[in-house]
Amino acid sequence: MSAEGRNPATQTALPSPPGVRGKCLVVIPTYNERESIVALLGALLALPVPLEVLVIDDSSPDGTAALVRELAAREGRIHCLERAGKLGLGSAYVEGFRYALARTDAAFIFQMDADFSHDPEAIPEFLAASADADLVLGSRYLKGVTVVNWPLKRLFLSYYANFYTRLITRMPFKDATGGFKCFRREVLEAIDWNRIHSDGYSFQIETTYQAWRRGFRIREIPILFVDRRVGVSKMNRKIVWEAIFVVWRLGLTHLLRLRSGPRHPQAPGTAPRKGGR
Ligand SMILES: Nc1nc2c(ncn2[C@@H]2O[C@H](COP(=O)(O)OP(=O)(O)OP(=O)(O)O)[C@@H](O)[C@H]2O)c(=O)[nH]1
Ligand SMILES: [Mg+2]
């Protein structure tokens with residue numbers, strides 16, 4: 001089932017658990033995830049949280065979208081956007097976020113991977129943390145290193161990428177490249193999407209950077225990240241080079257802004273300054 005003509009905002013009447021205002025939409029990009037997507041959707045829908053799920057599939061050759069469509073036909077809380085081909089992770093997120101803003105009234109918009117690296121059971125913790133944050137980042141490096149089964153090379157790359165990002169952009173976050181995040185709607189509304197061009201994990205850096213520059217309250221919570229057990233990684237060299245370039249671009253922008261006037265990005269725990277800077 002395509003998302004056309006359906007407004008998920010009108011379809012669920014679940015009670016909100018204490019502390020949760022408004023509905024949640026979980027955006028999941030997929031490319032060849034048929035081995036995990038059904039179990040993941042089941043786990044998400046079983047949570048005691050008023051959430052709906054939007055899967056954005058890029059015509060996965062393994063038929064992921066057909067599986068999701070089948071589930072969506074039976075369950076109104078599942079939505080599926082199908083794109084014509086592999087158009088990239090970044091643009092899939094952008095399309096998902098646009099859908100969230102234009103077609104739903106979700107107050108909290110999550111993003112997560114389809115491969116169970118991100119534990120659906122952590123969603124309530126994100127919501128609890130959102131009580132005093134506008135953007136919650138699932139962090140693999142907040143309490144030591146909470147990554148399971150990654151080859152050392154991959155772990156080193158990710159850890160170093162975060163160190164490098166902190167150093168150059170001055171963002172104070174331990175894990176700016178992770179893809180398990182919860183945005184308040186207002187953050188997505190404030191981001192200038194025309195200025196985001198990344199496709200790989202630098203997309204995560206760019207969105208968090210914009211939220212940080214605008215003074216939104218950003219909080220990290222520890223997550224346990226487990227390497228995918230099934231399916232195939234889409235990680236490649238191009239993604240790494242893109243991240244190196246993007247971090248430098250953000251770092252230079254930061255420097256130029258500092259020189260052109262006093263701007264003080266959010267220090268942890270300070271009040272938000274919304275509305276763009
Ligand atoms: N729609 C869409 N989804 C994608 C694309 N590339 C990756 N994804 C999805 O984005 C999520 C993250 O991709 P992964 O391959 O898990 O990337 P990763 O987590 O960096 O790499 P792993 O180490 O293999 O887990 C998964 O749910 C993928 O199916 C794409 O081009 N289009
Ligand atoms: Mg993954």
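Me: What does pLDDT express, and over which residues near the start of the numbering does pLDDT stay under 50?
Reply: pLDDT is the predictor's confidence in each residue, on a scale from 0 to 100. The structure is a predicted model, and its protein chain has a mean pLDDT of 85, with 83% of residues reaching 70 or more. Over residues 262–277 the pLDDT is below 50, and that stretch has 26 contacts in the model beyond near neighbours in sequence. The other stretch in question has 25 contacts beyond four places in sequence, and its pLDDT stays under 50 over residues 1–14.

Me: What share of the contacts in the protein chain with a separation of 6 or more comes from residues 24 or more positions apart?
Reply: The secondary structure of the chain comes to eight helices and nine strands. Of its 277 residues, 43% count as buried. Among contacts with a separation of 6 or more, residues 24 or more positions apart account for 84%.

Me: Which helix gives the most residues to the largest nonpolar core?
Reply: In soluble globular proteins, nonpolar side chains tend to be buried together. The largest nonpolar core here has 67 residues, and those touching the most other members are Leu25, Val26, Val27, Val53, Ile109, Phe110 and Leu135. Leu25 itself is in contact with residues that include Leu51, Leu54, Ala100 and Ile109, leaving aside its neighbours within four places in sequence. With six residues, the greatest contribution to the core is made by helix H3.

Me: Is strand E5 largely enclosed or largely open with respect to the rest of the structure?
Reply: Leu135, Leu137 and Ser139 point one way from E5, whereas Val136 and Gly138 point the other way, and all are buried. In a regular strand the side chains alternate between the two faces of the sheet. Because five of the five residues of E5 (residues 135–139) are buried, the rest of the structure leaves this strand largely enclosed.

Me: Which residue of E8 is the bridge partner of Leu137?
Reply: E5 joins E7 in an antiparallel arrangement through three bridges, and Leu135 has Phe183 as its bridge partner in E7. With strand E8 (residues 218–222), E5 pairs in the parallel sense over five bridges. In that pairing, the partner of Leu137 is Glu220.

Me: Within what arc do the buried residues of H5 fall, seen down its axis?
Reply: The buried residues of H5 are Ser158, Ala161, Asn162, Thr165 and Thr169. They line one face of the helix, because seen down the axis of H5 they fall within an arc of 95°.

Me: How far apart are the end C-alpha atoms of H5?
Reply: On the other side of H5 from its buried residues, Leu152, Lys153, Phe156, Tyr160, Phe163 and Leu167 are exposed. At 1.5 Å a residue, the 18 residues of the helix should span 26 Å. The end C-alpha atoms agree with that expectation, being apart by 25 Å.

Me: Which residue with a positive phi follows H5?
Reply: The residue lies in the loop between helix H5 (152–169) and strand E7 (181–184). It is partly exposed, because 15 other C-beta atoms lie within 10 Å. Its phi is about 70° although it is not a glycine. The residue that follows H5 is Arg170.

Me: Is Phe116 buried or exposed?
Reply: Phe116 is found in the loop between strand E4 (108–111) and helix H4 (123–130). It has a positive phi of about 70° although it is not a glycine. The cut-off for burial is 20 or more other C-beta atoms within 10 Å. Because Phe116 has 21 within that distance, it is buried.

Definitions and conventions
Residues numbered from 1 in each chain as written. Chains lettered and ligands numbered in written order. Predicted model: local features only at pLDDT ≥ 70, side-chain atom pairs only at ≥ 80, totals over all residues. Helix = DSSP H or I, 4+ residues; strand = E, 2+ residues; numbered from the N terminus. Buried ≥ 20, exposed ≤ 12 C-beta atoms within 10 Å, placed from the backbone. Expected span 1.5 Å × (residues − 1). Arc of directions from axis to C-beta. Contact = placed C-beta atoms within 7 Å. Core = buried A, V, L, I, M, F, W, Y, C linked by C-beta atoms within 7 Å. Pairing = 2+ DSSP bridges.
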